[in-house]
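Thanks for making time this morning; I would like to walk you through one model, going from the aromatic residues to the strands and then to the cysteines. Please have the sequence and the structure open while I talk.

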Amino acid sequence: MKIVQTSSTSASLVEFQLERGESIRIEPGCVVYKDGCINLEGKVNGGFFAAIGKAFLGGESFFTSVATAKSSGRVAVAPKGFGNIKVLNVSSGNQWYINDGAFLACNTSVDYTSTRQKRLLNSILGGTGGFFILKSKGEGELLVNGFGDLIEIELDGSQPFQIDNGHVVCWQETLDYRLEIASGLFGFKSGEGLLNTFKGKGKVIIQTRNIQSFVDILVDYIPFPKQDKN
């Protein structure tokens with residue numbers, strides 16, 4: 001299997017070049033093109049009960065698309081929104097926590113499960129899965145997507161590092177994190193007023209744009225229908 005990503009930093013696409021018998025799992029609705037030898041099949045996301053956990057607890061799709069090569073061929077994927085893609089290498093010593101809606105595709109040797117949040121405040125305040133959050137498992141490649149460009153930040157553990165909650169895409173399991181209310185009357189201009197404070201050594205992937213802030217801007221330009229006074 002070979003993975004090729006286009007060079008765009010704002011609207012990239014990833015092409016999987018599969019050999020006969022190889023398969024990948026894809027978020028439904030994210031296939032851009034494929035060769036005729038690639039069989040695309042909708043399946044329950046990791047088994048019935050696992051799919052329920054991912055859909056209702058982790059905010060992911062109940063079904064997943066599985067692309068299997070009957071002979072050598074290509075299949076390309078892209079996010080539903082406007083943003084970039086990051087290819088993560090997953091292994092026994094390198095697992096990731098994944099924010100809601102960030103999953104795009106993976107090898108069939110990789111999966112993700114819903115796991116309970118460690119802190120009650122994270123569950124109540126955060127947009128990261130509520131009381132549960134998604135965590136990768138297995139070994140292979142995992143693709144995540146975000147709004148805008150994706151930036152990798154490596155923390156050396158020398159001091160806490162704070163990121164606006166609306167910009168966090170995923171982070172390594174070696175990091176401890178806590179959700180906090182931003183200081184000041186209005187907090188961050190994202191409208192959430194929440195910060196993710198990370199401690200320890202590891203990597204965090206952030207998106208350069210906050211989709212909720214973008215939606216808030218668009219609302220001002222949407223012509224809502226006038227109410228009938230009669």
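**Aromatic cluster, strands and cysteines**

Let me begin with the rings, where Tyr97, Trp171, Tyr177 and Phe198 are linked into a cluster by ring pairs. Please keep in mind that this is a predicted model, and that a search of the whole structure finds 6 aromatic pairs.

Two of those ring residues take us to a sheet, since Tyr177 and Phe198 belong to the cluster, and strand 17 covers 176–181, while strand 18 covers residues 194–199. The sheet is an open one, built from 3 strands in the order 15-18-17, with antiparallel pairing. Its edges are strand 15 (161–164) and strand 17, each of which pairs on one side only, and the twist from one strand to the next averages 30°. Between strand 17 and strand 18 there are 6 bridges, again in the antiparallel sense, and within this pairing aspartate 176 stands opposite lysine 199.

Tyr97, another member of the cluster, leads us elsewhere, because strand 9 spans 96–98 and is followed by a loop, before strand 10, that holds asparagine 99. Is asparagine 99 buried or exposed? With a relative accessible area of 8%, asparagine 99 is buried, and a polar atom of its side chain lies 2.6 Å from the backbone oxygen of valine 168.

That loop brings us to strand 10, residues 103–107, where 5 of the 5 residues are buried, so the strand is largely enclosed by the rest of the structure. As a general reminder, strands of a sheet pair through backbone hydrogen bonds, either parallel or antiparallel. Strand 10 runs antiparallel to strand 3 (residues 23–26), to which 3 bridges join it, and here arginine 25 stands opposite cysteine 106. Strand 10 also pairs with strand 13 (residues 140–145), in the antiparallel sense and over 3 bridges, with valine 144 of strand 13 as the bridge partner of phenylalanine 103.

Cysteine 106 is a natural place to turn to the last topic. What is the relative accessibility of cysteine 106? The value is 0%, so cysteine 106 counts as buried, and cysteine 30 is likewise buried, at a relative accessible area of 4%. For those thinking about the chemistry, a disulfide is a covalent bond between the sulfur atoms of two cysteines. With a cut-off of 2.5 Å between cysteine sulfur atoms, the count in this model comes to 0 disulfides.

How values were computed. Residues numbered from 1 in each chain as written. Predicted model: local features only at pLDDT ≥ 70, side-chain atom pairs only at ≥ 80, totals over all residues. Heavy atoms only, no water. Buried < 20%, exposed > 50% of the residue type's maximum accessible area, 1.4 Å probe, protein only. Helix = DSSP H or I, 4+ residues; strand = E, 2+ residues; numbered from the N terminus. Pairing = 2+ DSSP bridges. Axes fitted to C-alpha atoms, helices over the stretch in contact; angles between N-to-C directions. Phe/Tyr/Trp six-rings, centres within 6.5 Å; stacked < 30°, edge-to-face > 60°. Polar contact = N/O pair within 3.5 Å; in protein donor to acceptor, adjacent residues only side chain to side chain.
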